[in-house]
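I opened the model to look up a few things and kept short notes. They follow in the order I checked them.

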Amino acid sequence: SAPFGLDFGNDTSVFAVARNRNIDVIVNDVSNRSTPSVVGFGPKNRYIGETGKSKESSNIKNTVSNLKRIIGLNYDDEDFQIEKKFFNKTKFVKLEDGKIGVQFRFKNENVTFSAVQLAAMYFDHSKQIIEKETKLVIKDVTIAVPSWYTQEQRYAVEDAARIAGLNPVRIINEITAAGVSYGIFKQDLPANDKDTEARNVIFVDIGHSSYSASVAAFKTGEMKILGTGFEKHFGGRDFDMAITNHFIDEFNAKYKVDCRENPKAVYRLLTAAQKLKKVLSANQAAPFNVESVMDDIDFSSQLTREDLEKLVEPLLQRVKVPLENALSQANLTIDQIHSIELIGGASRVPCLKDFIAANYKETARTLNSDEAIAKGAAFICASASPMVRVRPFKYTDVLTGDVNVDFGDGEFNPVFTAGSPYPATKLITVNKNADFKITVQNSKNEVVSVFDVTGVPAEGVELKIKVRADPSGLISVPSVYFETVEEYEEEDVDEEGETVKTTKTKTHETQLKVSHSSPYALTAEKLAELTALELELSAADNLVMQTEDAKNTLEEHIYYCKDKVSSDEWKPYASEAELAKIKELVEKAEEWLYSEDGEDAKKAKYVAKYEEITRYSNLVKGRKKQQEQEASLAKKEKEGK
Ligand code: ATP
Ligand code: MG
């Protein structure tokens, strides 16, 4: 299978694949290089990606976006309370396991899907887009997530990938993936030896919903993330909200109404605000026109870049803290920084760039800032695959939270601390005389993982435990073992031919059984159930699409035949009876197609009708073609003489 790198964005996602010694961004069903991260539901099928987005305004209640902000979160998490204001008409429910679910009207029934399932639907869609476009099999995937994603969220993303039939080989931090892109594509990095100073680059990623900054040190073939800062709730959508609120107030004052109560009106204004914001990144002023906001009122206004800058001024200050946190965690000052690389769509806002330049350092955009994350992720996926050869590139990241572990004594101690590098392994020694549990907590003191260790000898033993912060930012226990020393005698013959005995020792490692469970990861049983359901839903969607295609094919052929018959074009090639038959079949099919039956029939019905007509029409078409070919041959022969 071809390695797949997925930049799972809150607004749009980018799909990259490693193939033919290259890393390519794959275009979607309408040839765009990024795809809206949207899932919607209709009376017959799901609308995912581009279709979801295009149907969103007429299908608000049954469309959900901001998927990456709800996956893996508890319903009662304070983050979710903050997130809620970005959802327009979404009907949330608290699921039995405390997670977030969403209710929809789908196929004329009320259904509930978990956030993990919704993300899985989107991942499945992305997989199918790539498979269709590249004709390659897609299985292994590296998914990019924000550096602040907790272990819980990472488990949820892995589960979503598995439900979509993918194999999540790595969960990678977005900025780290972009850094890997920088490291593999830049040709002028410092030499990789002890005496050469590394190039320190700050990456600033301001996306749709969140903002991260990381300091990375580069040498040829190597990158070390030295520090990371973030503001989970800062991005382009905050600018959109500021602009939208400005125009809502203007609209309400002008027409003495409250359009905030009307989700469609808010949606229309928000969409226009997003467009306006982008236009103002390149222009000093722009008009703001929205047709039929509500009650058939068309709204016209305008905004200058200066106005926009006043509206978002309070937001700008929020750029500082993450950037400074990243620097201080890296133990560097701004004059030790080679450059500040901007990625993420919202970093295109001119006053944001200016703010960073004025307070820190002139910014650069030398990477393809929309595609660097996906490409880096695909490279990392390819590196992990034994099937694909890539240039070696080493990188390390840093943990954003403390990892506290209890080794069965009821006491939690930090095994890794925030800011420490990973992947990393620590060897812990404990004395045990019975089976026990290793429990991992997150920084909120919630249990994330439990590792059951069995087979501990009752006489008591000194155990060695390997605790690993793995490349996906998850904590694992790759082995628990004890050592026994065995003495044995070795016989040798010395120079004089005498046998000499020496006592030697051998150390045995006895591995104990470790089984992992997490309240945040799905059980194998549940995973199998949801995978089967996703397979079923996607097959049903495909059938709806094929049925739609079969219907269109029939309709087109009806018009084609009607035209040929009525224009007498087929007259020289068919008998009266044949033409009459075609005419009769076509008229009957047309009547059926626009009846209640034909409007919504099974795929096989459309195909059968089509074949009934082509049995005759193809005959005539064939004859026409043959006669034309013969005529052209005769003509050539004549000219040749
Ligand atoms: P996140 O990183 O939060 O998950 P994302 O990766 O989907 O989101 P990006 O694609 O990096 O986000 O950026 C999308 C944001 O950038 C949107 O808010 C969009 O309006 C904004 N944006 C895109 N182009 C421009 C532009 N030219 N000027 C201003 N803002 C822009
Ligand atoms: Mg992003």
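**Domains.** I looked up the contact between domain 1 and domain 2. I find 19 residues of domain 1 in contact with 18 residues of domain 2. The centres of domain 1 and domain 2, taken over C-alpha atoms, are 34 Å apart. The model is predicted, and I read everything below with that in mind. For the bounds, I noted domain 1 as 4-234 + 318-384, domain 2 as 399-520 and domain 3 as 526-640.

**Largest nonpolar core.** Next I went to the largest nonpolar core, which has 52 residues. Which members touch the most others? I get V39, I71, F113, L118, F123 and I143. Then I asked which element gives the largest share. Helix α4 (residues 115-134) does, with 10 residues. Domain 1 and domain 3 both give residues to this core, so I place the core between them.

I picked V39 for a closer look. I set aside its neighbours within four places in sequence. V39 then contacts Y47, I48, N62, T63, V64, L67, L118, M121 and Y122. L118 is also on the list of members that touch the most others.

Apart from the core that holds V39, I found another core, of 49 residues. Its members include I297, L308, L316 and F355.

**Q128.** I stayed on helix α4, where Q128 lies. Is Q128 buried, partly exposed or exposed? Its relative accessible area is 27%, so I log Q128 as partly exposed; the class runs from 20% to 50%. I then listed its contacts, not counting residues up to four places away in sequence. Q128 touches S538 and N542. With S538 there is a side-chain to side-chain polar contact of 3.3 Å. I also checked Q128 against D29, which is 99 residues away along the chain. Their C-alpha atoms are separated by 9.9 Å.

**N45.** I moved to N45, in the loop between β5 (39-41) and β6 (46-48). Its relative accessible area is 13%, under the 20% cut-off, so I log N45 as buried. Beyond neighbours within four places in sequence, N45 contacts F106, D541 and V544.

**Ligand 1.** I then turned to ligand 1 and counted 19 residues around it. Which come nearest? They are N10, K68, S209, K277 and S281. I went on to the backbone. A polar backbone atom of N10 is 2.8 Å from an oxygen atom of ligand 1. For G345, I again read 2.8 Å, between a backbone N or O atom and an oxygen atom of the ligand. A polar backbone atom of A346 is 3.0 Å from an oxygen atom of ligand 1. How much of the ligand does the protein cover? On its own, ligand 1 has 650 Å² of accessible area, and the protein covers 88% of this.

**N192.** N192 is in the loop between α6 (174-185) and β13 (199-206). Its relative accessible area is 42%, so I log N192 as partly exposed. I left aside neighbours within four places in sequence again. N192 contacts K219, T220 and E222. T220 gave me a distance to write down: its backbone oxygen lies 2.8 Å from a polar side-chain atom of N192. I also compared N192 with K275, 83 residues apart along the chain. Their C-alpha atoms are separated by 45 Å.

**Backbone checks.** Last, I went through the backbone angles. Where is there a cis peptide bond? I find one joining Y422 and P423, with omega about 5°. P423 has its place in the loop between β23 (421-422) and β24 (424-432).

I also looked up positive phi values in residues other than glycine. S31 has phi near 65°. S31 lies in the loop between β3 (22-25) and β4 (35-36). At 55% relative accessibility, S31 counts as exposed. D296 has a positive phi too, of about 60°. D296 is in the loop between β16 (285-294) and β17 (297-304). I log D296 as exposed, at 68% relative accessibility.

Key. Residues are numbered from 1 along each chain as its sequence is written. Chains are lettered from A and ligands numbered from 1 in the order in which they are written. This is a predicted model: local features need pLDDT of at least 70, side-chain atom pairs count only at pLDDT 80 or more; totals for chains, interfaces and linings use all residues. Side-chain values use heavy atoms; hydrogens and water are left out. A nonpolar core is a set of buried Ala, Val, Leu, Ile, Met, Phe, Trp, Tyr and Cys residues joined through side-chain atoms within 4.5 Å. Buried means under 20% relative accessible area, exposed over 50%, partly exposed in between (1.4 Å probe, protein chains only). Helices (H or I, at least four residues) and strands (E, at least two) are DSSP runs, numbered from the N terminus. Domain bounds come from an automatic or database domain assignment. Contact means heavy atoms within 4.5 Å. A residue is near a molecule or strand if one of its heavy atoms lies within 4 Å of it. A polar contact is a pair of N or O atoms within 3.5 Å; within protein, one must be able to donate a hydrogen and the other to accept it, and residues adjacent in sequence count only if both atoms are side-chain atoms. Accessible areas come from the Shrake-Rupley method with a 1.4 Å probe; for residues, only the protein chains shown count as cover.
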